[in-house]
Amino acid sequence: MTADQQTAGPQRQSVGLNRRSLIKVGAGAAGGLGLFGPSALPLISRRSAAAQGDALTFWQFYAPGGRVQTQTTWFEDCVAGWNAQNERQVELVYVPNSDYMDGTKLPTAFASGQGPDLFIISPGDFLRYFNGGVLQDLTPFMEKEAIDDFFPDVLASRIVDGKVYGLPMEVEPMAMYYDKAAWDEAGLTDSDIPETWEQLLEVGKRLTNDQRFGVLFETNPGYYQNFTWYPFMWQGGAEIQVPESNKSGMRDPGAVAALKFWQDAVNQGVSPRTELGGGAWNGPANLGTGYCAIQNIGIWSISELRQDAPDLEYGIFKLPVPEGGTYTTDMGGWAFVANSQGKDPEAAAQFIVWALGSMSDDSIQRGVDWCTKAKSDMTPRKSVQDLAVEQGGFESGPLKLFAEEIFPGGRGEPRVTPEIYKSISDAIQAAMLNGVDPEQAAEQAATEIEAYLATYTGAPIL
Amino acid sequence: MSVLSAGQPADKQAGRRLATVTRQRRLSQTKREWLAAYLFLLPDLLGLLIFIGLPMVLSLSLGFFTVSGFGQYTFTGLANYQKMLVDPLFIGSLQTTAKYVIVLVPGLYVVGLGLALLVKRPIPLIGLFRGMLFLPNVISLVVIGLIWKFLLVDRIGVVNTLFSKIGLGGRSWLGDPNLTLWTLLAVTIWFLMGFYMLIFLAGLQEIPREYYDAARIDGAGPWRSFRDITLPLLKPTSFFVLLVSLVAAVTGPQGFDLVYVMTKGGPANSTNLTTFYIYQQAFLFSNFGYAAAMASVLVFALLVLTGVLFALTKGGRFDFD
């Protein structure tokens, strides 16, 4: 060993020690964060969230800058009305529809402790947020009369143990829309309006040609597809969960028949396997472009077709039923909810009740304006319904048909957990698009749901 | 501080002091080099640590928890890993990913190399052709997905209209579980081929022209030249392409983005790649712990696959002698 090496030795050692120290510190920090990170990060995030301004943030997909001006204006007016009277301000935050439904923004925000103070959810997502413990009880802020004013079937999916955790802003029943020009072209008349599944497939065949499909059902897997399939299952008497038990009703003949109905529609070439415009919820992109002659879609499409396909002449009829079945339809719709972990959950709850759930004239009129002017929906409250009728909201046209024929007999959209949703979704997809025997697909879903229910401890599935 | 011993000549002591100072200067120089090296590395190291290393450690640790997605964490040990073993959707997603990788990696290699050979010659407008082939790469994957979804729609889509002219119409490219993964692979190869073409083109241009001239004089045809000159001299490029396309196939953004936009994992889970299933578990079902565990397994699988690739190619040297 040379003198230089001898001298350099301790120096290298010194550098080595420093490096080791650095590695130790780094590993310690990383390890610490690794061990405590899961619980520490949301804490850090909450602190930063608390440091953000005082206004309550309200996430939704309507305003500001939404696609339909009347709906944007309604939201802006609603918030402006509250802000003019209250110190605790509300700020609208627009989230694109595609990022809101089945997207990452809302779950990510809650996972990092930065969920909005106010947001809107569909019944399909209710249990996920309720079981997560982030929904604020609105009951203490509501008058008994106002709670009773909501249609029980509509409010049911937002109630747990008698407490109200969300107020619906609308009711959106499903129906069948048809293109009148295609109808006439196929030589069909009003007497051909199908009342049974079999008749629908027959009419669908007559409407099908090399440029057009007869009937469109949703084909994309997701909450929306399940939502549109449920009424066909109910019509045959089946339920997702047999009441008061941990048994699934997916094995029941009604569920199997509903799976087979959609499978037949695809196998017979009456229904497509894909759709335009992102999904079968989009009326203008499908019915409006002539891609299909009949479309299974909700009441919201009235206002969308009015805006995006004003020249389309269309008719609407009730969902057909199986032989011997009972008519029903699925009634969706979004609800205002408050984040119980937010900046000021009480103020957020008060805002919701003020906006949609008080007996004041303003609150009732706001409901009428949303359902009959800004949008085209049924109302969730008796007083709103009465005032809407009084003001001629359901006097004529498609809304009258919905109010008088389609809405009566409808059922609220069920609330299920993501796990149950997935089992049903897989059954629909397997039968409809993969040729799996409907009985086998239903059995698989029932087995999965029952295994899940055996250990499930959250709020009841409805 | 040095202390002089009695009786030591002054010049000897001065010499020793000089030697010590020189050594110190040399050490300072070494130190400075170390410092410079670390400073150069620091930005990258910090970036890697903060944006890659730390999230990986967090993700790995998250896999041992049940995470509700609302701030509730429960330590559950290996429960998430045990769940994977009996989750048919996870196992199905691994099978789908395996098919995707097995087709995509060789597909990109063959198409990328084929295109590079086609556009290698400096003919007029060759820059334009190269640009056109690379063009899909500069477009957002979401836009690519939306355009192809529109082109591939049942019955009236452009693709079906064209295929019907040769008697192959009437297929549901994105709605038939037997076809959808292949359709997705075709779109993915179309999207990525320009990038791999460029890599191969760079490799091809490194091969001296004289080798081909000599081979031609010796009577070698195009195939012989390709087999005995081009392919062997493209070994380093081939290794890079295989490695990068393997990583892209398993965890690349195109796998997730195109599935998200075009199929949502359907029909009937036929395009449910593992990356998409991880996303579903995390963001649709709020099972962040389970998703993190699956992500860890996927990263581990990728490490193993990369290791196998290194082993099979002798670290990219392809030296089997």
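Which residue of β2(A) stands opposite A:Thr57? In this predicted model, the partner of A:Thr57 in β2(A) is A:Glu91. The report below begins with the sheet that contains this pair and then turns to the core, the domains and the second chain.

## The sheet of chain A

Chain A contains 19 helices and 13 strands. Five of the strands form an open sheet with mixed pairing, in the order β2-β1-β3-β12-β6. Its edge strands are β2 and β6 (167-168) of chain A, each of which pairs on one side only.

Strand β1(A), residues 56-60, is mostly covered, since four of its five residues are buried. On one side, β1(A) pairs in the parallel sense with β2(A), residues 90-94, over five bridges. Between these two strands the chain passes through helix α2(A), residues 69-85, and the resulting β-α-β crossover is right-handed. β1(A) is also joined by two bridges to β3(A), residues 118-121, and these strands run parallel. Within that pairing, A:Phe58 has A:Leu118 as its bridge partner.

Elsewhere in the sheet, β6(A) and β12(A), residues 335-338, are joined by two bridges and run antiparallel. Here A:Leu167 stands opposite A:Phe336. As a general point, strands of a sheet pair through backbone hydrogen bonds, either parallel or antiparallel.

The table gathers the strand pairings described above.

| Strand pair | Sense | Bridges | Residues opposite each other |
|---|---|---|---|
| β1(A) and β2(A) | parallel | five | A:Thr57 and A:Glu91 |
| β1(A) and β3(A) | parallel | two | A:Phe58 and A:Leu118 |
| β6(A) and β12(A) | antiparallel | two | A:Leu167 and A:Phe336 |

## The nonpolar core

Of the 462 residues of chain A, 51% count as buried. In soluble globular proteins, nonpolar side chains tend to be buried together. The largest nonpolar core here has 182 residues, and those with the most contacts inside it are A:Leu118, A:Leu138, A:Leu259, A:Trp262, A:Phe336, A:Ile352 and A:Ala427. Where does this core lie with respect to domain 1 and domain 2 of chain A? Both domains give residues to the core, so it lies between them.

A:Phe336 links this core to the sheet already described: it is among the core residues with the most contacts, and it stands opposite A:Leu167. Leaving aside residues up to four places away in sequence, A:Phe336 touches A:Leu118, A:Ile120, A:Gly166, A:Leu167, A:Met169, A:Ile352, A:Ala355 and A:Leu356. For chain A as a whole, 74% of the contacts between residues at least 6 apart in sequence join residues at least 24 apart.

## The two domains of chain A

The domain assignment of chain A gives domain 1 (56-171 + 333-403) and domain 2 (173-331 + 416-453). Their C-alpha centres lie 27 Å apart. Across the boundary, 16 residues of domain 1 are in contact with 15 residues of domain 2. On the domain 1 side, the elements that give two or more residues are α5 (123-131) and α17 (397-406) of chain A. The largest share, four residues, comes from α17(A). By class, this side has nine nonpolar, three polar and four charged residues.

A:Gln391 is placed in the loop between α16 (382-390) and α17 of chain A. Is A:Gln391 buried or partly exposed? It counts as partly exposed because it has 14 C-beta neighbours inside 10 Å. A:Gln391 and A:Thr372 are 19 residues apart in sequence, and their C-alpha atoms are 9.7 Å apart in space.

## Chain B and its contact with chain A

Between the two chains, 38 residues of chain B are in contact with 40 residues of chain A. The elements of chain B that give two or more residues to this side are α1 (10-62), β1 (65-67) and α12 (274-284). The largest share, eleven residues, comes from α1(B). This side of chain B has 21 nonpolar, twelve polar and five charged residues.

One residue of chain B may be described individually. B:Ser225 is placed in helix α9(B), residues 222-233. With 17 other C-beta atoms within 10 Å, B:Ser225 is partly exposed. B:Ser225 lies 13 residues from B:Tyr212 in sequence and 6.6 Å from it in space, C-alpha to C-alpha. Not counting residues up to four places away in sequence, B:Ser225 touches B:Tyr212, B:Ala215, B:Ala220 and B:Thr230.

Conventions: Residues numbered from 1 in each chain as written. Chains lettered and ligands numbered in written order. Predicted model: local features only at pLDDT ≥ 70, side-chain atom pairs only at ≥ 80, totals over all residues. Contact = placed C-beta atoms within 7 Å. Nonpolar A, V, L, I, M, F, W, Y, C, P; charged D, E, K, R; others polar. Buried ≥ 20, exposed ≤ 12 C-beta atoms within 10 Å, placed from the backbone. Pairing = 2+ DSSP bridges. Right-handed = clockwise from strand over helix to strand, strands pointing away. Core = buried A, V, L, I, M, F, W, Y, C linked by C-beta atoms within 7 Å. Domains from an automatic or database assignment.
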